[in-house]
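Let's take a friendly look at one helix and one strand with its partners. Keep the viewer open as you read.

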Amino acid sequence: MITSHEDERAIYRGIVGFARAMDARDWAAIERIATPDATAELGTGTLRSRDEMIALMRSFLDECGPTQHLVSNVLIDLGADGDTAQSRAYVSDLHLGTGALRGLSFQTLGDYHDEWARIDGEWKMTHRTKRMSGTLGTQAVLGGGPEGYDASGPAAAGGSAATEITNLLYLYAECMDSGRLDDAAELFRHATIHAGKRELDAAGILAVWRGTVRLHEDGTPRTKHVITNPILEIDEEAGRARARSYYTVLQATAGLPLQVIAAGRYHDEFERSGGAWRFSSRDYSMLDLSGDMHDHLRSSTS
């Protein structure tokens with residue numbers, strides 16, 4: 001039973017402060033909350049120091065978009081000696097994608113079990129365990145995690161491989177149609193693009209798009225890339241996958257009434273890295289049907 005409202009308040013502030021520090025990427029604040037030899041169990045193995053805790057969090061959050069860790073239902077029990085305590089708190093954390101992954105998210109539900117000690121008159125965290133109870137979304141919005149980390153298990157990945165891979169197909173279309181050419185190219189940062197007899201990397205295909213795709217006054221190409229008929233072949237054990245899909249491109253501009261201007265196929269390959277799926281190859285050469293692409297491309301070839 002807690003015997004001091006001041007103690008309870010100080011520990012509660014530590015729990016909330018830790019959450020806010022993660023969202024602000026304020027690692028110095030975490031250094032003030034946890035002891036140097038604080039340990040943790042956060043789902044990746046035992047962490048044996050505060051520095052290891054911070055390094056783990058940074059491996060996931062440094063490449064992530066905005067996050068929000070909400071804590072509630074906090075219970076605090078003071079030890080019999082008055083200088084140690086244990087706390088439990090629900091946590092719901094939301095992680096948003098950034099760049100090419102805007103629009104995607106990853107959320108977890110869990111329970112923090114923390115241990116505290118009064119040191120030089122201040123309450124400090126000495127241990128944290130996070131017990132996961134559920135996930136939603138795709139872990140692709142996070143960084144890759146620590147070296148050797150594999151989040152391929154269902155509980156960590158937060159979604160099926162089929163969902164993550166088809167989301168990548170649709171995300172490409174969304175980026176292109178909104179004029180976010182840089183973000184579209186970023187999806188292929190680890191991929192080879194086969195464009196006829198040429199093989200391009202992400203920078204190469206971005207240069208092609210910048211030289212050929214017409215962006216109109218609203219900053220978009222005034223197109224809708226409709227991706228359909230995805231056929232997936234997934235090797236979960238090897239972390240490899242293939243997809244065949246159709247694309248149909250519609251366009252409407254001031255000088256062009258709404259119509260289909262192109263139709264073709266994508267043959268894509270994917271790999272799993274750090275628990276998230278990403279493009280490893282795309283065959284960009286299969287344009288099967290073409291219409292009036294004058295308002296879409298500066299060149300009639302794709």
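## Helix α5: length and burial

In this predicted model, helix α5 covers residues 161–177. How far apart should its ends be? At 1.5 Å a residue, the 17 residues of α5 should span 24 Å, and the end C-alpha atoms are 25 Å apart, so the two values agree.

If you turn to the surroundings of α5, you will find this helix mostly covered, with 12 of its 17 residues buried. Among them are the aliphatic residues Ile165, Leu168, Leu169 and Leu171. The buried set also includes Glu164, Thr166, Tyr172, Cys175 and Asp177. After the helix comes glycine 179, which has a positive phi, near 80 degrees.

## Strand β7: two faces

Now move along to strand β7, residues 192–195. Which residues lie on its covered face, and which on the uncovered one? Ile193 and Ala195 make up the covered face, while Thr192 and His194 make up the uncovered one. In a regular strand, side chains alternate between the two faces of the sheet.

## The partners of β7

β7 runs parallel to strand β12 (residues 276–283), and 3 bridges join the two. Here histidine 194 sits opposite aspartate 283 of β12.

With strand β8 (residues 198–200), β7 pairs in the antiparallel sense, again over 3 bridges. Alanine 195 is found opposite arginine 198 of β8. The hairpin of β7 and β8 has 2 residues between the strands, and glycine 196 in this hairpin adopts a positive phi near 65 degrees.

Definitions and conventions
Residues are numbered from 1 along each chain as its sequence is written. This is a predicted model: local features need pLDDT of at least 70, side-chain atom pairs count only at pLDDT 80 or more; totals for chains, interfaces and linings use all residues. Side-chain values use heavy atoms; hydrogens and water are left out. Helices (H or I, at least four residues) and strands (E, at least two) are DSSP runs, numbered from the N terminus. The expected span of a helix is 1.5 Å times one less than its number of residues. Buried means under 20% relative accessible area, exposed over 50%, partly exposed in between (1.4 Å probe, protein chains only). Two strands pair if DSSP finds at least two bridges between them.
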